[in-house]
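Visitor: I would like a close look at a single part of this structure, the C-terminal stretch of strands and whatever surrounds the ligand there. Please take it step by step and then place it against the rest of the chain.

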Amino acid sequence: MPFSSIAFSQCEALFVALVGWVPGIPGFAIRTLVYKCLFKRLSGMAWIQPGVTFVSTNRLTVGKHFGVNSGTYINAIGSLSIGDYVLIGSNVTISSGQHPIEGRMPPVFARPVIPKAIVIEDDVWIGAGAVIMPGTTLRRGTVVGANAVVTRDTEEYSVVVGAPAKKIRTRDGAP
Ligand SMILES: CC(C)(COP(=O)(O)OP(=O)(O)OC[C@H]1O[C@@H](n2cnc3c(N)ncnc32)[C@H](O)[C@@H]1OP(=O)(O)O)[C@@H](O)C(=O)NCCC(=O)NCCS
């Protein structure tokens, strides 16, 4: 790994630790300011609760009106694009990298990460405890149920639940 990447990840870890715990409105404000410098792009005010982990933020773009709850882990190693009006519940995992698993040697631990971009379009709500798998796209308006595991691209305005996540309905009914 080049020295510049190591230096960036160390600075990133330090800033996430320093501002990641600050409670209340000062916490939202300081995290928005710091993450506007750290992320590849953060467009507006972000409502990031304490205790959210971000990794590889130089490959993370986030739109306007972003909300994310405590315990969530977001790793943009393979690039992650988040649209406008996206809400992410607590303890969600979104990681855009995968280890190759074929063959017995070397151990998976020792294999390099394969980048697999994740795209989360506008107006997506991800319920608590969900896992968004590498390489998936959550189309505009998707709702992901609590504890779902999203393994494939979703349809616009669909509601998906379960592991693997399946569509149970659309959001096209009366509000
Ligand atoms: C996905 C969700 C929005 C669906 O709500 P809904 O459309 O009102 O769905 P319903 O409650 O009518 O349930 C419809 C069916 O899906 C099932 N279902 C709903 N949510 C589910 C989930 N998360 N996982 C598995 N099945 C689920 C219900 O059991 C029901 O099945 P049935 O028809 O066999 O009885 C909601 O259930 C959910 O998971 N919300 C996330 C809540 C959350 O995480 N909040 C905190 C974060 S901000």
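Guide: What follows starts from one strand residue, moves outward to its partner strands and the ligand, and ends with the sheets and the helix pair. The model is a predicted one.

Start with Val144, which lies in strand β16, residues 143-144. Val144 has 27 other C-beta atoms within 10 Å and is therefore buried, since 20 or more is the cut-off. Setting aside neighbours within four places in sequence, its contacts are Ile126, Gly127, Ala130, Leu138, Val150, Val160 and Ala165. Pro134, by comparison, is 10 residues from Val144 in sequence, and the C-alpha atoms of the two are 15 Å apart in space.

Two of those contacts, Val160 and Ala165, lead to the next pair of strands. β16 runs parallel to β18, and 2 bridges join them. In this pairing Val143 stands opposite Val159 of β18.

β18 (158-161) in turn is followed by β19 (166-170). These two strands run antiparallel and are joined by 4 bridges. Val161 has Lys166 of β19 as its bridge partner, and Val160 stands opposite Lys167 of β19. Together β18 and β19 make a hairpin with 4 residues between them.

The turn of this hairpin has two backbone features. Gly162 has a positive phi of about 90°. The peptide bond between Ala163 and Pro164 is cis, with omega about 0°, and Pro164 sits in the loop between β18 and β19. On the other side of β18, in the loop that connects β17 to β18, Tyr157 has a positive phi of about 55° although it is not a glycine. Tyr157 is partly exposed, with 15 other C-beta atoms within 10 Å. As background, most residues other than glycine have a negative phi, and most peptide bonds are trans.

Now the ligand. Which residues are around the ligand? They are Gly89, Gly127, Ala128, Val143, Gly145, Ala146, Asn147, Val159, Val161, Gly162 and Ile168. Several names from the strands above return here: Val143 and Val159 are around the ligand and stand opposite each other across β16 and β18. Val161 is also in the shell, with its bridge partner Lys166 in β19. Gly162, the turn residue with positive phi, is another member of the shell. Gly127 is around the ligand and is also in contact with Val144. By class, the shell has 6 nonpolar, 5 polar and no charged residues.

The same kinds of backbone feature occur elsewhere in the chain. A cis peptide bond runs from Met105 to Pro106, with omega near -5°; Pro106 is in the loop between β10 (97-98) and β11 (114-115). His65, not a glycine, has a positive phi near 60°. His65 is placed in the loop between β4 (60-62) and β5 (66-68), and is partly exposed, with 17 other C-beta atoms within 10 Å.

Next come the sheets. One open sheet has 5 strands in the order β1-β4-β7-β12-β15, paired in parallel. Its edges are β1 (41-42) and β15 (137-138); each has a single partner strand, so one side of each is left without a neighbour in the sheet. β15 pairs with β12 (residues 118-120) in the parallel sense over 2 bridges, and Val119 has Thr137 of β15 as its bridge partner. Leu138, one of the contacts of Val144, is in this edge strand β15.

A further open sheet of 5 strands, also with parallel pairing, has the order β3-β6-β9-β14-β17. Here β3 (53-55) and β17 (149-150) are the edge strands, each pairing on one side only. β3 runs parallel to β6 (residues 73-75), joined by 3 bridges, and Thr53 stands opposite Tyr73 of β6. Val150, another contact of Val144, belongs to edge strand β17.

Last is the helix pair. The axes of α1 (residues 3-19) and α2 (residues 24-38) come within 10 Å and cross at roughly 170°. The two helices are therefore roughly antiparallel to each other. Glu12, Phe15 and Val19 of α1 make the contact with Ile30, Arg31, Val34 and Leu38 of α2. By class, this contact has 5 nonpolar, no polar and 2 charged residues.

Methods: Residues numbered from 1 in each chain as written. Predicted model: local features only at pLDDT ≥ 70, side-chain atom pairs only at ≥ 80, totals over all residues. Axes fitted to C-alpha atoms, helices over the stretch in contact; angles between N-to-C directions. Parallel < 35°, antiparallel > 145°, perpendicular 65-115°, else oblique. Contact = placed C-beta atoms within 7 Å. Nonpolar A, V, L, I, M, F, W, Y, C, P; charged D, E, K, R; others polar. Pairing = 2+ DSSP bridges. Near = placed C-beta within 6 Å. Buried ≥ 20, exposed ≤ 12 C-beta atoms within 10 Å, placed from the backbone.
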